[in-house]
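Trainee: I have a model open and would like to learn how its labels are earned. Could you take me through the reasoning?

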Amino acid sequence: MQQINYSIIIPHKNCPDLLSRCLASIPDRDDVQIIVVDDNSDNDKKPVVDAQKAELIFLDEERAKGAGRARNIGMEKAKGKWLVFSDADDCYTEHLNAFLDKYADDTDTDIVYLNVHCFNEKGEIWPHEITSIIKAFLKGKSHAEKRLRYGIWTPWSRMVRKEMVEKHQLRFDELLTCNDKMFCLKCSKLAQKMAVEPTVIYHYYRPAGGSQTDKFRNSLVLDSLLDICGQTISLYQEVGFSQIPSFLNYFIRSRYSVDLPLKVKVQKYRLALKKNKVSLCTDVRRFVSDKIASHWQSFIH
């Protein structure tokens with residue numbers, strides 16, 4: 001029996017046509033396992049896939065649980081040495097097959113960071129943020145490795161060794177949004193040997209109208225996100241990553257709190273600072289530093 005080298009895990013909800021595009025971009029290989037996990041799609045938007053191409057799992061839930069839950073289910077079914085993650089509305093480039101050949105026999109690398117370009121329905125294509133970081137890493141820039149490990153936390157921008165994930169019992173947070181951040185950051189922290197792929201492997205779909213995740217950006221998930229922020233700060237301090245996030249960012253013109261009364265915003269903000277032992281001055285300074293860094297990155301790109 002052919003050994004499975006790669007398990008590609010794809011959470012899906014209400015975009016069967018885009019999922020078909022994604023599946024079509026994955027080459028037919030005996031060493032690739034494709035797992036599609038449907039997160040309670042509407043009846044008229046449930047996916048239909050070729051059983052010879054992919055395994056399709058329907059979550060038996062009353063309501064959607066988010067991509068984190070779907071990816072966890074997918075990882076439980078994964079047989080490959082490598083875990084690869086894709087969103088259903090994204091796709092791979094023609095270089096994927098050669099990339100898979102490259103790492104089929106690799107036994108040392110724990111994580112591979114993928115080069116990514118963004119695209120939209122107009123056919124426009126442009127580099128994702130990780131592209132410039134990979135270029136800096138390959139040029140030997142001192143800051144680039146930490147930016148790769150901790151500045152980008154999307155699961156589709158990396159390939160992770162399954163053995164490492166199982167050894168440390170890593171799982172995605174089962175939240176409606178920001179469910180991938182801590183999984184990705186912990187993988188980056190624990191990876192002993194890393195590699196980068198300079199060739200563009202992945203195309204990230206950025207529709208003009210916003211992604212499906214946008215509708216979950218409201219106060220219903222704010223408390224969970226503040227907890228994720230606290231975990232992120234602790235991890236960044238532990239590994240010495242300087243771009244520490246601020247809690248204030250969730251309260252200043254943020255979709256996560258825009259519908260909350262000012263009094264409630266202040267209460268939640270103060271509680272988050274107290275819980276995480278962060279002073280107001282420190283948090284404001286982090287907020288300002290992050291905004292300056294964001295504007296600078298936009299300027300140089």
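**Helix contacts and other labels**

Mentor: Gladly. In α7, K181, M182, L185, K186 and K189 meet I228, Q231, T232, L235, Y236, E238 and V239 of α8. By class, this contact of α7 with α8 has six nonpolar, two polar and four charged residues. Keep in mind that the model is predicted.

Trainee: Why are α7 and α8 called roughly parallel?

Mentor: Their axes cross at roughly 10 degrees and come within 10 Å. Angles under 35 degrees count as roughly parallel, and α7 and α8 are therefore given that label. The crossing of α7 with α8 is left-handed.

Trainee: What makes α7 mostly covered?

Mentor: Seven of the ten residues of α7 are buried. They are K181, M182, F183, C184, L185, C187 and S188. Among them, K181, M182 and L185 also belong to the contact with α8.

Trainee: How do you know whether α8 is roughly parallel to α9 or oblique to it?

Mentor: Again we start from the angle. The axes of α8 (residues 222-239) and α9 (residues 262-275) cross at roughly 30 degrees and come within 11 Å. The cut-off is under 35 degrees, so α8 counts as roughly parallel to α9. This crossing is right-handed.

Trainee: Which residues of α8 and α9 meet there?

Mentor: L222, D223, L226 and D227 of α8 meet K268, A272 and K275 of α9. By class, that contact has three nonpolar, no polar and four charged residues.

Trainee: Now the cysteines. How do you know how many disulfides the structure holds?

Mentor: A disulfide needs two cysteine sulfur atoms within 2.5 Å, and the structure holds zero such pairs. For C22, the nearest cysteine sulfur is that of C91, 7.1 Å away, and C22 is in no disulfide. For C229, the nearest is that of C178, 9.0 Å away, and C229 is in no disulfide either.

Trainee: Are C22 and C229 buried or exposed, and what makes them so?

Mentor: Buried means under 20% relative accessible area. C22 has 0% relative accessibility, so C22 counts as buried. C229 has 1%, so C229 counts as buried too.

Trainee: What label does H168 get, and why?

Mentor: H168 sits in the loop between α6 (162-167) and α7 (181-190). Its relative accessibility is 33%. Buried would need a value under 20% and exposed one over 50%, so H168 is called partly exposed. The C-alpha atoms of H168 and L225 are separated by 23 Å, with their positions 57 residues apart along the chain.

Trainee: T109 is also in a loop. Why is T109 called buried?

Mentor: The loop of T109 runs between α3 (96-103) and β6 (111-119). T109 has a relative accessible area of 3%, and the cut-off is under 20%, so T109 is buried. Not counting residues up to four places away in sequence, T109 touches W82, R161, K193, M194 and A195.

Trainee: What makes R255 a contact of S219?

Mentor: Contact means heavy atoms within 4.5 Å. R255 meets that test with S219, as do Y256, D259 and L260, leaving aside neighbours of S219 within four places in sequence. S219 itself lies in the loop between β9 (194-205) and α8. For S219 and V36, 183 residues apart along the chain, the C-alpha atoms are separated by 29 Å.

How values were computed: Residues are numbered from 1 along each chain as its sequence is written. This is a predicted model: local features need pLDDT of at least 70, side-chain atom pairs count only at pLDDT 80 or more; totals for chains, interfaces and linings use all residues. Side-chain values use heavy atoms; hydrogens and water are left out. Buried means under 20% relative accessible area, exposed over 50%, partly exposed in between (1.4 Å probe, protein chains only). Helices (H or I, at least four residues) and strands (E, at least two) are DSSP runs, numbered from the N terminus. Axes are lines fitted to C-alpha atoms, for helices over the stretch in contact, and angles run from 0 to 180 degrees between N-to-C directions. Angles under 35 degrees count as roughly parallel, over 145 as roughly antiparallel, 65 to 115 as roughly perpendicular and the rest as oblique. A crossing is left-handed if the near helix is turned anticlockwise from the far one by less than a right angle, and right-handed if clockwise. Ala, Val, Leu, Ile, Met, Phe, Trp, Tyr, Cys and Pro count as nonpolar, Asp, Glu, Lys and Arg as charged, and the others, Gly among them, as polar.
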